[in-house]
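Biologist: Could you take me through one part of this protein in detail? I would like to follow how the strands pair, and then hear about what else you find along the way.

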Amino acid sequence: MNISGIKNCYGCGSCAIVCGKNIISIALSRDGFYVPQIRDIGKCTDCGLCVEVCSYMHDDIALGEVSPRSCYAAWSREYAVRRKCSSGGVGFELGRTLIGQGFKVCGVRYNVDAARAEHYIATTIEELIPSIGSKYIQSYTMDGFKAINRKEKYLVTGTPCQIDSFRRYIQKFRCEDNFVLMDFFCHGVPSMLMWKKYVDFVEKKIGKITYASWRNKFTGWHDSWTMAMDGAEKGETTNWSESYDFLMKEKRGSYNSRYTQGDLFYAFFLGNGCLGRACYDKCKYKKATSSADIRIGDCWGKFYQNDDDGVSSVIVFTEKGEKILSNLNCEFVPQPLDIVTDGQLAHSPHRPSEYELSLRLLRNPYLSLPIINKILWFISLCRRVKRRLSF
């Protein structure tokens, strides 16, 4: 038994790293989502490892039915970290603390050359800084996951489905003690077809993108659905070998766009217009369901609605996670689960009626993202008018 028949999965890549024959790769599907491919099915021994570590193929989660041990609202005590990060900076402080204890961090950065988010290994605080901030696109896990040595200590971060599969992977090899796992509240991942059209749209304005940042706080945490970018023709290039103080400076970017002002990326992403099929149909990780040691996110609710610097929600699921938090350079305020999950999706996102059409339009190489957005807006308008006239 193998994963050859799986379509529209989470694309986490754990099946590829567990394969002893090294015949599984991860590539983009025609709809723009990472999926597994078996390169030479004749070499498959039907060992079943790829299926065993696949979170998509299991109805339960790897950690079992575990209730949260504790919940907090939290933020970094270093103001620059709190301002630079998407929420309160707990994720960065966790990585920084564990690096100081001899861990490596498998996190996610944006690769401007490949125009994708990807997992990578950070061994210093400066190398960790590119992982700061949310990247609301599906990450390519292969290079980062394959670089992990199971005999060494790591913090591994990712979406809930990525972490659930990775938990199964380290359970299989009985090396959980070497790993700390952290996930986050996940809305879903949009098609890379949409992201690449968005990149094309921006690059016509500023040239080849040299820097990209999601969720910038220049307009405040509660209006931080922003995109900040620099290009070869406008802006400056970030050199990730620079000093800590330089890299921690807030960077506005020469191109700035906000959801509240009609940014196209967030219009598609937050409107659920082109998420992965598994995000609609197979997500089992909402609210406090997780295989991680620690889950983080934004404490969006009314309790912190007047805070504009950012507050992290933190849910701890394991004793290991509880012990680690006590060493972080953060303020922790115990809060009920309802407060730390306020504003987060309780169920899978709703699949819009124009979903299949959206993907067809995104596959069309001749249509730009603004044109696609106008087409979908017009069709949606016609449907609303038709519904009203039918009453």
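**A strand pair and its surroundings**

Modeller: Happy to! Let's begin with one residue pair: Thr-157 has Met-182, in β8, as its bridge partner. Please keep in mind that this is a predicted model. The two strands concerned are β7, residues 154-157, and β8, residues 179-184, and they pair in the parallel sense over 4 bridges. In general, strands of a sheet pair through backbone hydrogen bonds, either parallel or antiparallel.

Now step back to the sheet that holds this pair. It is an open sheet of 9 strands with mixed pairing, and its order reads β6-β5-β4-β7-β8-β12-β13-β3-β14. The edge strands, each pairing on one side only, are β6 (139-140) and β14 (330-334).

Next, a helix contact. Helix α8 (residues 192-206) and helix α15 (residues 369-390) have axes that come within 9 Å and cross at roughly 120°. That angle is why α8 counts as oblique to α15. On the α8 side, the contact is made by Met-194, Lys-197, Tyr-198 and Phe-201, while α15 brings Leu-369, Pro-370 and Ile-372. By class, the residues of this contact are 6 nonpolar, 1 charged and no polar.

Finally, the empty space. A search of the whole structure turns up 1 cavity of 30 Å³ or more, and the largest cavity holds about 90 Å³. It is lined by 13 residues, of which Cys-9, Gly-11, Cys-12, Cys-15 and Cys-54 are the closest to its centre. The lining divides into 9 nonpolar and 4 polar residues, with no charged ones.

Notes:
Residues are numbered from 1 along each chain as its sequence is written. This is a predicted model: local features need pLDDT of at least 70, side-chain atom pairs count only at pLDDT 80 or more; totals for chains, interfaces and linings use all residues. Side-chain values use heavy atoms; hydrogens and water are left out. Axes are lines fitted to C-alpha atoms, for helices over the stretch in contact, and angles run from 0 to 180 degrees between N-to-C directions. Angles under 35 degrees count as roughly parallel, over 145 as roughly antiparallel, 65 to 115 as roughly perpendicular and the rest as oblique. Contact means heavy atoms within 4.5 Å. Ala, Val, Leu, Ile, Met, Phe, Trp, Tyr, Cys and Pro count as nonpolar, Asp, Glu, Lys and Arg as charged, and the others, Gly among them, as polar. On a 1 Å grid over the protein atoms alone, a cavity is a set of points where a 1.4 Å probe fits but cannot get out, and a pocket is an open set with protein on both sides within 12 Å along at least five of seven lines; lining residues have an atom within 4 Å of a point. Grid points are joined across faces, edges and corners, and a volume is the space filled by probe spheres set on the points. Two strands pair if DSSP finds at least two bridges between them.
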